[in-house]
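Please keep the structure open beside this note while you read. The points below move from a single residue outward to the elements around it, and each can be checked against the view.

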Amino acid sequence: MFNVKVESVPVKVISAVQIKVASVELYASAKVEVNLLDSSNKIVERRAILITGEEYQGWNDDSYLEALVLSKLNFTKYVEPTPPAGS
């Protein structure tokens, strides 16, 4: 462990996630590129996620991959609330 000078670090606010499958090794793994976007859809950060083993074997559709990536990022998908009828 070592000490560092305390600096102000800007807070990143993520408003959207963009997921792209970069490569697949059949029966083994998939590499996924993830872009974290701000409210202006500018890339704030890029991450790479490797999916292997049971996670790879469980991949059967896009919604599975979306849920897996969000879980690995510790994010929750935001769904716009539906206003009550008659409002």
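1. A good place to begin is N35, which sits in strand β2, and everything said about it here rests on a predicted model. Is N35 buried or exposed? With a relative accessible area of 15%, N35 is buried, because the cut-off for that word is under 20%. Once its neighbours within four places in sequence are left aside, N35 is in contact with A16, V17, Q18, I43, E45 and R46.

2. The strand that holds N35 can be described in a similar way, since β2 runs over residues 29–37 and seven of its nine residues are buried, so the strand is largely enclosed by the rest of the structure. On one side of the pairing, strand β1, made of residues 16–25, joins β2 in the antiparallel sense over nine bridges. A single bridge that you can look for in this pairing is the one between V17 and L36, the latter belonging to β2.

3. Strand β2 also pairs with strand β3, residues 43–52, again in the antiparallel sense and over nine bridges. Here the residue to look for is E33, whose bridge partner in β3 is A48.

4. L36 deserves a point of its own, as its list of contacts reaches into several parts of the chain. Leaving aside neighbours within four places in sequence, L36 is in contact with I14, A16, V17, K42, I43, V44, E45, R47, L73 and F75. V17, which appears in that list, is also the bridge partner of L36.

5. The two turns next to β2 should be examined for their backbone angles. Which residue between β1 and β2 takes a positive phi? In this hairpin, which has three residues between its strands, that residue is Y27, with a phi near 65°, and the positive value occurs in a residue other than glycine. Y27 lies in the loop between β1 and β2 and counts as exposed, because its relative accessibility of 75% is over the 50% cut-off.

6. The hairpin formed by β2 and β3 has five residues between the strands, and N41 in its turn has a positive phi of about 60°. As with the other turn, this is a positive value in a residue other than glycine. N41 is found in the loop between β2 and β3, and at 57% relative accessibility N41 counts as exposed.

7. Turning to the interior, the largest nonpolar core has 11 residues, namely A30, V32, V34, L36, I49, I51, Y56, L65, L68, V69 and L73. Strands β2 and β3 and helix α2, residues 62–73, each supply at least two residues of this core.

8. Helix α2 has 12 residues and reaches 17 Å from its first C-alpha to its last, which is close to the 16 Å expected at 1.5 Å a residue. Its buried residues are L65, L68, V69, L70 and L73, and what covers the buried residues of α2 includes β1, β2, β3 and α1, the last of these being residues 53–57. Just after α2, N74 takes a positive phi of about 60°.

9. How many aromatic pairs does a search of the whole structure find? The search finds one, and this pair is formed by Y56 and W59 in an edge-to-face arrangement, with 6.2 Å from centre to centre and 75° between the planes. The two partners can also be compared by accessibility: Y56 counts as buried at 11%, whereas W59 counts as partly exposed at 24%. Y56 is also one of the residues of the largest nonpolar core.

10. Finally, S15 lies in the segment before β1 and is partly exposed, with a relative accessible area of 47%. Leaving aside neighbours within four places in sequence, S15 is in contact with L37, D38 and S39, and its side chain reaches the backbone nitrogen of S39 at 3.4 Å. For a sense of scale, S15 and K72 are 57 residues apart in sequence and 17 Å apart in space, taken from C-alpha to C-alpha.

Notes:
Residues numbered from 1 in each chain as written. Predicted model: local features only at pLDDT ≥ 70, side-chain atom pairs only at ≥ 80, totals over all residues. Heavy atoms only, no water. Phe/Tyr/Trp six-rings, centres within 6.5 Å; stacked < 30°, edge-to-face > 60°. Buried < 20%, exposed > 50% of the residue type's maximum accessible area, 1.4 Å probe, protein only. Helix = DSSP H or I, 4+ residues; strand = E, 2+ residues; numbered from the N terminus. Pairing = 2+ DSSP bridges. Core = buried A, V, L, I, M, F, W, Y, C linked by side-chain atoms within 4.5 Å. Contact = heavy atoms within 4.5 Å. Polar contact = N/O pair within 3.5 Å; in protein donor to acceptor, adjacent residues only side chain to side chain. Expected span 1.5 Å × (residues − 1).
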